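I opened this entry to record what I looked up on the nonpolar cores, one helix pair and one residue. The model is a predicted one.

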Amino acid sequence: MAVVLDLLNNDSRPKAAGTVARPRHPEKAHRPDNPIQRKPDWIRVRAPGSKAWAETNKIVRENGLVTVCEEAGCPNIGECWEKRHATFMIMGDTCTRACSFCNVRTGLPQGLDQAEPDKVADAVAKLGLHHVVVTSVDRDDLADGGAEHFSRTIASIRRASPNTTIEILTPDFLRKPGALERVVEAKPDVFNHNLETVPGKYVTVRPGARYFHSVHLLQRVKELDPTIFTKSGIMVGLGEERNEVVQLMDDLRTADVDFLTIGQYLQPTSKHHAVIRFVPPDEFKSLESTAYSKGFLLVSATPLTRSSHHAGEDFARLKAARLAKLGVNREAAIA
């Protein structure tokens with residue numbers, strides 16, 4: 001069975017003097033409970049605790065950093081941190097939105113830590129990462145949605161670890177003119193923005209976002225810089241229909257997205273959106289085949305697939321797939 005790790009309630013991490021404990025999800029407190037279903041046998045993870053995991057944990061703590069691995073309760077944290085792979089979450093631990101699936105704290109965030117870009121870069125260097133993933137909370141309170149902070153973080157990593165490839169997982173920068181352009185200008189190697197679910201579920205799953213804005217954002221990245229790999233991910237098990245997922249694939253391919261991830265939604269607490277269905281592995285395999293038939297360069301579709309899981313290995317596969325496709329196109333042109 002899957003081990004669901006509660007690393008944040010009863011959080012023992014150091015707190016600033018005078019800090020008052022606050023609920024992670026105040027907006028969900030009065031929602032009716034959705035009982036958490038027993039997980040099927042095909043969802044299995046190993047609990048963390050190895051020496052390498054502890055070393056990664058120490059570096060994260062020493063640099064005062066936040067990781068989405070912990071904040072989102074990722075089931076793969078044991079495997080990834082054992083490999084010294086941590087996904088850094090910049091701009092604090094508090095999100096201005098309240099998506100019904102997400103376990104990240106919600107509320108009014110604090111000001112930005114101007115030293116954070118260098119702290120992230122220092123951790124990347126200490127961990128010896130060949131590929132790093134940097135994500136963030138939504139910061140609707142900032143004029144640029146945090147675009148400049150993303151740009152500064154990318155630049156700091158480039159200085160500290162020039163051979164490290166950089167993948168970013170961004171918010172949608174909704175109603176933030178010029179924000180996307182600023183991030184693309186910093187030239188990350190991979191630009192990821194998750195659709196999370198099919199458009200018919202946005203009202204209940206992702207109410208603060210707009211489906212077609214997110215699709216257009218990914219399309220705009222390719223228009224601004226065709227060399228950047230684009231990537232998006234969704235969860236299944238939220239009540240979506242297969243034909244809706246297939247249409248979403250078509251929408252992403254219209255936007256020239258290179259890489260699609262599909263994983264099983266796992267309910268963090270009884271106050272979050274219910275798991276409507278646990279999708280069996282053979283259906284994930286079928287979705288993977290369908291996605292490849294649509295023209296994606298890379299597809300990862302398994303129950304435990306997450307956006308940054310195996311990101312380094314996947315980046316190598318992405319580059320190889322692009323080169324292979326270019327080779328085929330050159331041969332076709334010659335013929």
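**Cores and helix packing**

I began with Ile168. Beyond its neighbours within four places in sequence, Ile168 is in contact with Val134, Phe150, Ile154, Val183, Pro188, Val190, Phe191 and Asn192.

I then noted a separate, second core, which has 24 residues, including Tyr211, Leu252, Ala255 and Leu260.

I returned to Ile168 in its wider setting. The largest nonpolar core holds 37 residues, and those touching the most other members are Phe88, Val132, Phe150, Ile157, Ile168 and Phe191. I listed the elements that each supply at least two residues of this core: helices H1 (51–62), H4 (116–127), H5 (147–160), H6 (179–185) and H8 (211–224), and strands E1 (88–90), E4 (131–136) and E5 (165–169). H4 gives the largest share, five residues.

Next I examined H8 against helix H9 (residues 242–254). Their axes lie 8 Å apart, and the two helices pack at an angle of about 40°. An oblique arrangement is counted between 35 and 65 degrees, among other values, and H8 and H9 are therefore oblique to each other. On the H8 side I found Tyr211, Phe212, Val215 and Leu218, which meet Leu248, Asp251 and Leu252 of H9. I recorded the classes in this contact as six nonpolar residues, one charged and no polar.

Last, I looked up Glu313, which is found in helix H11 (residues 311–334). Is Glu313 buried or exposed? Its relative accessibility is 37%, so Glu313 counts as partly exposed. I also noted that Glu313 and His130 are 183 residues apart along the chain, with their C-alpha atoms separated by 9.9 Å.

Technical notes:
Residues are numbered from 1 along each chain as its sequence is written. This is a predicted model: local features need pLDDT of at least 70, side-chain atom pairs count only at pLDDT 80 or more; totals for chains, interfaces and linings use all residues. Side-chain values use heavy atoms; hydrogens and water are left out. A nonpolar core is a set of buried Ala, Val, Leu, Ile, Met, Phe, Trp, Tyr and Cys residues joined through side-chain atoms within 4.5 Å. Buried means under 20% relative accessible area, exposed over 50%, partly exposed in between (1.4 Å probe, protein chains only). Helices (H or I, at least four residues) and strands (E, at least two) are DSSP runs, numbered from the N terminus. Contact means heavy atoms within 4.5 Å. Axes are lines fitted to C-alpha atoms, for helices over the stretch in contact, and angles run from 0 to 180 degrees between N-to-C directions. Angles under 35 degrees count as roughly parallel, over 145 as roughly antiparallel, 65 to 115 as roughly perpendicular and the rest as oblique. Ala, Val, Leu, Ile, Met, Phe, Trp, Tyr, Cys and Pro count as nonpolar, Asp, Glu, Lys and Arg as charged, and the others, Gly among them, as polar.
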